[in-house]
Structure formats: C-alpha cells, structure tokens
Amino acid sequence: MSTTLQLGVLASGRGSNFAAILDAISQNKLDAKVKVLISNKQKAGALEIAAKHNIPAVFVSQKKFSDPASFDGEVSRTFEEYEVDFVVLAGYLRLLSQKFVRRYKNRILNIHPALLPSFGGQGMYGHHVQEAVLGRGCKVSGVTVHLVDELFDHGPIVKQRCVPVLETDSADSLAARVLVQEHQVFAEALQLFAENRVEIENHRAIILPGKERN
Ligand code: GRF
C-alpha cells in the first residue's frame, strides 16, 4: 500500500536526479507526482527538463529577496499553491531556513554524493566532494539520501550505497560512478516514504519492512 507523494522539487543545476525521479515515476517504481519544480538559477537544466515533461517550472530570483527566510517564504507559498506534501532537493545549493524546515518537518529529502557524515557540510558540493574523497585516499565512497534539517548534510540518513574508489579515478570519473547509483537510490528512498515505511527516532531514520511487490 502506498500513498502518492505530491512532490515539490528544488534544483539549482543540470537536473539529472530530477530526470531519474521522473523516469522512476513513469516506470511505476515510484508512487509520486511532481507538482512543481522550482529553481533559483535561471539557466538550470532542471527547468528545461520540467518544461519537456509539461511540469510547472518556476524560477525564483534570489535578487528579489533581501534574506533567505523571505526567499523560502516564496518557495513555500508556491508549494502550497501546488499542494505539495513532500519536498525533494535535487542538487539544490541553498540552506533552507528554520521556518521552511519546520513546515515540512521530516518531509524534505536531499541527496549527497558521498557517504555522510564524512565529506559533507558547507562548501562540500560538486567536485569539492570528490576531490576531498580522493585526497583522503578513501577506498570506497558512495551516495547518501537523508532528511533535511537546518544544517548542511546533517539530517537522519535514509539510504546509502557504496561505490569503489579506483586508484586511477579522477574527481570526474568518481562522480560519474557515484551518479549512476544516485539515480537509483533517490527514487528508492522516496518510495519508502510513499509506503510510509520511515520512522524517525532522534537522529535515526528507521526503515520498516515492506511487503514484496509483484
Ligand atoms: C548530485 O551529485 C547530488 O548528489 C548533489 O548535487 C548533484 C546534482 O546533480 N546534491 P544533478 O543536477 O541532479 O544532475
């Protein structure tokens, strides 16, 4: 049994995770509907992907708002207008304000291209993450999907998957190997919420067993 998630997606960049979520929905692997996509970057690829799929796409200019809370207030208003009940950060490079996080408490999911709690936090995005992983000589890295709180890359972990780090890796080749897993794991984590299988206990997301799907 699952309930269709009414998704509001926030993205700042190319949007490949957003595209993977749309694929999972169309393949019936994820019980969700994307109600609206919002980007804080006018040239974000994610806006084009939304347009191609006839999904409402909104660019919200940061220049119009004097502080992060009022920017988030605009995002919140738009999500309410589209009756969003779950928020997806698909490559979104802004910290969410306290009011927004409280409004969607335990209903905001982010994806990070490393195994948290290592290699996360402010400034840890894109190639910075993979360079740090390689610089530390890690032999495995991976993907983390986690709930969002008021700190960068900090909320309860919902799903992780490992990838090997090869001696020959560059930041780009490692990022590409991680991205393949990101595209699977994000939709799988969202489906856990659609099936109401995530319980939060302190800083821990507990995953309840599911019924086998035919
Ligand atoms: C991904 O690597 C994701 O882990 C991180 O930002 C990147 C977004 O890529 N949060 P894309 O825009 O989904 O292609």
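In this predicted model, R161 has its place in strand β7, which covers residues 157–164. Is R161 buried, partly exposed or exposed? Its relative accessible area is 23%, and a residue counts as buried only under 20% and as exposed only over 50%, so R161 is partly exposed. A second residue helps to place R161 in the chain as a whole: R161 and F71 are 90 residues apart along the chain, and their C-alpha atoms are separated by 33 Å.

From this strand we can turn to the ligand, which sits in the largest pocket of the model. Two elements give two or more residues each to the shell around the ligand, namely helix α1, residues 16–26, and strand β5, residues 108–112. Which residues make up this shell? They are R14, G15, S16, N17, G91, I111, H112, P113 and E182, and, sorted by class, two of them are nonpolar, five are polar and two are charged.

Some of these residues place a nitrogen or oxygen atom within a few ångströms of the ligand, and it is worth following them one at a time in the structure above. In the side chain of S16, an N or O atom is 2.5 Å from an oxygen atom of the ligand, whereas N17 takes part through its backbone, where an N or O atom lies 2.8 Å from a ligand oxygen. E182 contributes a polar side-chain atom, which lies 2.7 Å from an oxygen atom of the ligand. As for how much of the ligand is covered, the ligand taken alone exposes 370 Å², and the protein buries 83% of that area.

Technical notes. Residues are numbered from 1 along each chain as its sequence is written. This is a predicted model: local features need pLDDT of at least 70, side-chain atom pairs count only at pLDDT 80 or more; totals for chains, interfaces and linings use all residues. Side-chain values use heavy atoms; hydrogens and water are left out. A residue is near a molecule or strand if one of its heavy atoms lies within 4 Å of it. A polar contact is a pair of N or O atoms within 3.5 Å; within protein, one must be able to donate a hydrogen and the other to accept it, and residues adjacent in sequence count only if both atoms are side-chain atoms. Accessible areas come from the Shrake-Rupley method with a 1.4 Å probe; for residues, only the protein chains shown count as cover. On a 1 Å grid over the protein atoms alone, a cavity is a set of points where a 1.4 Å probe fits but cannot get out, and a pocket is an open set with protein on both sides within 12 Å along at least five of seven lines; lining residues have an atom within 4 Å of a point. A molecule sits in a cavity or pocket if more than half of its atoms lie within 2 Å of its grid points. Helices (H or I, at least four residues) and strands (E, at least two) are DSSP runs, numbered from the N terminus. Ala, Val, Leu, Ile, Met, Phe, Trp, Tyr, Cys and Pro count as nonpolar, Asp, Glu, Lys and Arg as charged, and the others, Gly among them, as polar. Buried means under 20% relative accessible area, exposed over 50%, partly exposed in between (1.4 Å probe, protein chains only).
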